[in-house]
Amino acid sequence: MKVQGHSGLRVGARMNEARKGLPKERGSQMRGVTSLGLVLIIAAAFVIAQPQSRAEMGWWDDQSPRSAAGDSKQGKATAQAVCAGCHGADGNSSDPRYPKLAGQSETYIYRQLQSFKMGGRKSDIMADIVKALSDADMANVASFYSQERVQPDAIADAGLAALGQDIFFAGVGSGMMSACVMCHGRHGVEQGMPMMGMMGDAPRLNGQHAAYIVDQLNRFSSGERQSDIMGDIASALTEMDRKAVAEFLSGLR
Ligand code: HEC
Ligand code: HEC
């Protein structure tokens with residue numbers, strides 16, 4: 001997978017400059033990424049978790065609706081009353097401890113709220129919040145935030161972001177891990193691979209706070225946040241890889 005020359009990237013030019021200073025090994029490692037890795041991960045996606053464990057983790061089972069289909073006007077009222085203090089009135093939180101929700105996939109937001117409620121995803125703060133929310137409240141607020149526009153952060157370290165760009169588009173290691181872009185998409189409008197229906201539920205990562213991304217990758221890797229898919233992927237990333245891919249994504253529109 002060729003990663004250089006992505007014209008749509010705001011930080012592209014600056015990062016291509018910075019890339020020249022990167023160690024050579026990273027480049028040749030990247031070229032080792034083969035389609036075998038992609039095939040393996042697609043295969044893995046089809047045999048993923050039996051319904052029971054999927055429910056425990058907050059995954060949809062076969063009966064679950066594919067879309068939350070909420071009322072965004074109602075959702076806006078809930079967002080302003082309950083969520084804005086942490087996530088921002090338009091979903092662009094200023095404090096990196098709180099993830100941005102603006103432009104996030106509606107299904108993903110709804111699914112995470114359900115997961116906080118069922119305890120599949122653990123967060124004391126969010127567990128308290130969702131206690132007071134009905135299914136309709138969750139669908140409505142998911143609909144509202146998904147329609148807002150994410151504001152990316154400024155890239156603080158262009159060299160680090162360039163390394164992260166390679167990881168996002170090409171993966172790491174010798175082709176055993178697929179590229180993040182396959183499931184997460186390049187930005188809000190180009191979401192993952194259409195052939196993998198289930199991956200439509202993968203969160204958008206463009207513009208997300210770098211510190212939040214690193215924190216979640218650490219939790220996937222330690223198993224504190226359960227995910228059959230992300231557990232192995234996050235574990236394959238070094239601490240530097242996690243910081244780099246987070247730095248890149250935080251500035252991506
Ligand atoms: C007191 C602060 C606070 C409030 C209020 C709050 N949240 Fe959160 N929210 C958090 C924190 C902290 C996390 C990160 C949880 C974690 O992974 O540990 C989070 C995570 C989330 C996530 C997961 C995002 C992702 O990218 O995975 C969603 C969705 C979410 N909140 C929605 C909401 C909604 C909707 C409301 C209002 C109904 C709300 N939150 C109110 C603090 C808050
Ligand atoms: C095979 C598909 C797939 C690939 C490849 C993949 N992801 Fe994910 N990722 C997912 C899914 C699905 C979730 C949602 C997990 C859940 O339900 O909690 C996720 C969740 C995440 C989250 C949590 C976001 C949030 O808002 O809380 C981060 C961060 C993340 N992935 C980063 C990455 C990075 C970095 C890579 C590449 C190194 C990557 N992912 C590769 C499917 C994938």
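**Two ligand shells and the helices around them**

Helix 10 is the leading contributor to the shell around ligand 2, giving 4 residues. The model discussed here is predicted, and its two ligand surroundings make a convenient starting point for a walk through the fold.

Around ligand 2 there are 23 residues, of which C180, C183, A202, P203 and S227 are the closest. Besides helix 10, which spans residues 180-184, helix 3 (35-46), helix 11 (210-222) and helix 12 (228-235) each provide at least two residues of this shell. In terms of class, the surroundings of ligand 2 comprise 18 nonpolar, 4 polar and 1 charged residues.

Ligand 1 has a shell of its own, with 20 residues around it; V82, C83, C86, P99 and S123 come nearest. Two or more residues of this shell come from each of helix 5 (72-87), helix 6 and helix 7. Helix 5 gives the most, with 6 residues. Sorted by class, the residues around ligand 1 are 14 nonpolar, 5 polar and 1 charged.

Helix 6, one of the elements that contribute to the shell around ligand 1, deserves a closer look. Helix 6 covers residues 106-118, and the distance from its first C-alpha to its last is 18 Å, close to the 18 Å expected for its 13 residues at 1.5 Å a residue. This helix is mostly covered, with 10 of the 13 residues buried. The buried set in helix 6 begins with E106 and T107, continues through I109, Y110, R111, Q112, L113, Q114 and S115, and ends with F116. These buried residues pack against helix 7 (124-131) and helix 8 (135-146). Just after helix 6, G119 adopts a positive phi of about 85°.

A further helix pair is formed by helix 9 (residues 158-170) and helix 13 (residues 239-250), whose axes come within 7 Å and cross at roughly 95°. The two helices are therefore roughly perpendicular to each other. On the helix 9 side, the contact is made by L160, A161, L163, G164, Q165, I167 and F168, while helix 13 brings D241, K243, A244, V245, A246, E247, F248 and L249. By class, this contact of helix 9 with helix 13 contains 10 nonpolar, 2 polar and 3 charged residues. For readers tracing such positions along a helix, it helps to recall that an α-helix has 3.6 residues a turn, so residues three or four places apart point the same way.

Key. Residues are numbered from 1 along each chain as its sequence is written. Chains are lettered from A and ligands numbered from 1 in the order in which they are written. This is a predicted model: local features need pLDDT of at least 70, side-chain atom pairs count only at pLDDT 80 or more; totals for chains, interfaces and linings use all residues. A residue is near a molecule or strand if its C-beta atom, placed from the backbone, lies within 6 Å of it. Ala, Val, Leu, Ile, Met, Phe, Trp, Tyr, Cys and Pro count as nonpolar, Asp, Glu, Lys and Arg as charged, and the others, Gly among them, as polar. The expected span of a helix is 1.5 Å times one less than its number of residues. A residue is buried if 20 or more other C-beta atoms lie within 10 Å of its own, exposed if 12 or fewer, and partly exposed in between; C-beta atoms are placed from the backbone. Two residues are in contact if their C-beta atoms, placed from the backbone, lie within 7 Å. Axes are lines fitted to C-alpha atoms, for helices over the stretch in contact, and angles run from 0 to 180 degrees between N-to-C directions. Angles under 35 degrees count as roughly parallel, over 145 as roughly antiparallel, 65 to 115 as roughly perpendicular and the rest as oblique.
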